[in-house]
Amino acid sequence: MNEQEAERRARLMAMSAKRIPEINKEFSQRQAKAQIKSVSTSVDNFEEAQNRHFNSNFEKGGKDAAYGGKTSKNGRKMPQKANSSKKSGKNGKKSQKSAQPTEKNSRKVNLSVSTRKGDMVHHQRMLSQDVNAQATQHIIGIPVNKSKFNGYDGAQITNASLKKTRPDPDAVRIIPIGGVGEFGIGKNMTIIEYKSEMIVVDMGVLFAGNDYPGVNYMIPDIKYLEDNRDKVKAICFTHAHLDHIGACRHLLPKFNPITPIYGTDFTIGMIKRQMSELDEEPDLNYQVVDPFKHEKFQVSEHLSVEFIHVLHSIPGSTAIVVRTPNGVVYLSGDWRHETNPIGRQADYERIDEIVKNEGITLMLNESTNIDSPGHHPHSEYDVGESMGMVMDHYASGRIIVSCFSSQISRIELVLNEAAKRGRKVAFAGFSMINNLEVALRTHEIKVPKDTIMKMEDIIKLPDEKVTIVCTGSQGELNAVLNRMVTGAHKYIKIKSTDTIVFSSNPIPGNEPHVVNTVDGLLREGAQVIQNGKTHLTNIGPLHLSGHAYYEDHVDFLTRTQPSNYIPYHGEFYMLQHNAEMAENVIGIPHDRIILPDDGDIIELLPNKTIRKNGRIPVGNMLYDDADQEVHEAVVKDRIHISREGIFVIILTVSKKTGHLIKTPDIISRAFIYLDSSEELIGKIRHYLRTKTDRSISSDPEMKVLKEEIRDDVTHILFDATGHTPIVIPVINKV
C-alpha cells in the first residue's frame, strides 16, 4: 500500500470515528420510537380486547380527572407528568380553563349550515318571550294600573310603596280575589273583612280561550282564605251562573263544613248539583234564603247580610247588602232593568227603603254592559212573541231553538208558544236537562201540560209537531247543535225543512265558532234565524242580555246615591268607563271612586271614606276538561309545540364503546313530515353517527352529549326550516 492510499484510509477512519456517536444516537432514537409505538399498539389492542379503557379515568368525570391530562393522537387522554400539577396561581388556572375548549372542540362536528348560531338563539329568545307572554296572562303580581281612579292619583303602585302601607285596624276591608280587570269576564269572588271576621261572596270560574291549549277554565287561588280559614263566618252567592258558582266543587271543601252557605233556593240547588259530581260529596251547611222576606242574617259579631231580589237572566238572582260598623256595603251581583219583566220586578222598594233609612256607604256595581248605550229596548215577553212568529212562519217543519241552559224564563216562553200551536218539546244537552231539573224542583218554571217529550219519542212525530230546545248557541264543537250538523247526534240530523233559532248573542271571542256552526246549518239547507237580523228575517228580538245598559246604570246610581263607588265584574276598560260614568254623570267625587285589581285591599274607614291600602297574594289555578289541575309549565310546552313542533331523536349506543349500534330513530310531531324530508333527516343521521363516534360512554359524558346534540340538531333544523322545535335526544345504552 503506497503512501497516498495509507493517507486516504487514515482520513476515512478519522471521519468514521467522528460520525459514530451521531449514528449511534440516531439509531437509539429510532429504536426507542419503534418500541414506544409497539407498546402503545399492544396496550390499545389489549384494552379493546378486554373492552376496557384505562385512560378514560383521566377523562372529565373520571376518578383521576383531577390530575389533568393531554389528548393523544387516538383521542384518549394520557396522564401528565407529576410536576405539571405543581403550577399555581393565575397561570395554573388559565391552563386548566384552556383545556376545556380543547376537549369540547375534539367532539365538534361540521354542521354544514348557512345560518349563524346567533340567529337561532335570537329566534329562540323571541319565541320564548311570545310563549311566556301567552302562557302567563293569568299570573297576577302587581298589575299595571295607571288609571286616574287607581287610588294613587294615577301613580303606579310598587313593592316599595306596598311595604310602607299600614292597615287601619278599624277599617272594613274589601278585597276582590277575582273578577276585576282580567282578560275575560268571570272568576268573581270578593272578601268583606272586619278585624277577625270575613264574608266571602261568590266563587266563579273564568273560561280559558285559545291562548291556553288544553285548559278549560281557571279558578281563584284562595291561599289567603285558607290561611285565615277560621275567620270565614259566611259564604254568600248572588246567583247561579258559572262565573259566580263554577269553582264551588274545588273551593267549598277547603272551608270549615259548618260555615253557613247562603243563597236562593235555585242557586243552592245548582251548587248542590255541582257538588254531587265529586267522588265524595261533602256535608255542607246550606242555608236557603228567600230574598222577599228581607231577613238580616247576623253572620258574626259585627257583620250581617241581607239578600235583595234583582232581575237577571237566571232565576234566584240577588244583590247582597252587608252591614258593617263603618256603613252599608252594597254588592250588586249581576242585574238588568226591565219595565215589564217576567215574574216579579226587582225589589226597588226595599232598595229605596235602605237608601232612605241607612244610606249606601259603598257600592260595588257590575260593569259588563256599561258600553251599551241607552236602556234595554225590549223585554223577555218580546222574545216570546218572536218565538211564536217563527213557529207560525215555519209551521211545516221542525223548530230547533238554541240558547243558554240557564235561561229558564226563555225556555218557559218556548214551552208556552209551542203548547199554543200543538207542538211537543224535547230538550237536548247535559247542562240543559240538569238546569231544568233544578228549576222544576225549586218551582222556578211552569210547564204546560202534555208538552214535554223524551227525545227518543219526539222523533216519531211529524215534523210540524216537533220543537227541540238545545245547547250550542256559542258554536261549541261538542255541543248538541254541532253534533246535529255533523250527524253525530243519536236522534237528530239536520235537514232542509228544519228552522234553527239562535236565541243568544255570541260571547266576545266566540264569533268564529258561531259562524262555522251557521255555515254548517246553511250547507244542510236549513233555515237559520239569528238575533239582530230582523232586516233579513222580519223576525223581532230573539235575545235579551242579562246585564244593565249605560242609562240603566245612570238611573240606578241616581236612585241609590252611594257615598263611595267601586266598579267590579268586568274587564279593565269596562271598569274604567263605569268609573267615568259615576264621576262625570252622577257626580261622585273622584277620590271616592276606586278602580281595583284582583288582590287590592280597599279600606272603608270609620269616617266613611275609602282608600286603597296594600295587596294580598292572588292568582289562578288552571283546570282541564277532566277537572284536573294543569301546571303552567305544561301550558308553555303545549304552546311551544303548537307553534314549532317536537323532534325526538332515539340513539342506541354500546355501553362499552359509546358508538351507535343501529341507525338513529327519529320522530317528528307537529313539525315536519318525515317522508317528504329525506334529505334533511339523512343529514341529521350523518351528523349523529359522526358525533357519537367522537364521544365516549361515561355517564357524565352522556349528559354533555345530549346537550350538544340538542343544540346542534336545533341549529340544523333552524337552518333548514326557520323553526326551532323542542328537540329531545334519548340515548339508550345496550
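Good morning. I begin with one pair of residues: A426 stands opposite I468 in strand β18. Please bear in mind that the model is predicted.

A426 lies on β17, residues 424-428, a strand that pairs with β18 in the parallel sense over 5 bridges. Strand β16, residues 399-402, is likewise parallel to β18, here over 4 bridges. Within that second pairing, V401 has V469 of β18 as its bridge partner.

How many residues of β18 are buried? In this strand, residues 466-470, the count is 5 of the 5, so β18 is largely enclosed by the rest of the structure. Buried here means under 20% relative accessible area. V466, I468 and C470 point one way from the strand, while T467 and V469 point the other way. In a regular strand, side chains alternate between the two faces of the sheet.

I turn now to an open sheet of 6 strands, with mixed pairing and the order β11-β12-β13-β14-β15-β21. Its edge strands, each pairing on one side only, are β11, at 297-298, and β21, at 564-568. Strand β11 runs antiparallel to β12, residues 304-309, and 2 bridges join them. One residue pair can be named: Q298 has S304 in β12 as its bridge partner.

Which helices pack on this sheet? One is α17, residues 550-560, which touches β14, β15 and β21. The direction of α17 makes about 165° with that of β15. Another is α18, residues 572-586, in contact with β15 and β21. For α18, the angle is about 155° with the direction of β21.

Thank you for your attention.

Key. Residues are numbered from 1 along each chain as its sequence is written. This is a predicted model: local features need pLDDT of at least 70, side-chain atom pairs count only at pLDDT 80 or more; totals for chains, interfaces and linings use all residues. Side-chain values use heavy atoms; hydrogens and water are left out. Two strands pair if DSSP finds at least two bridges between them. Helices (H or I, at least four residues) and strands (E, at least two) are DSSP runs, numbered from the N terminus. Contact means heavy atoms within 4.5 Å. Axes are lines fitted to C-alpha atoms, for helices over the stretch in contact, and angles run from 0 to 180 degrees between N-to-C directions. Buried means under 20% relative accessible area, exposed over 50%, partly exposed in between (1.4 Å probe, protein chains only).
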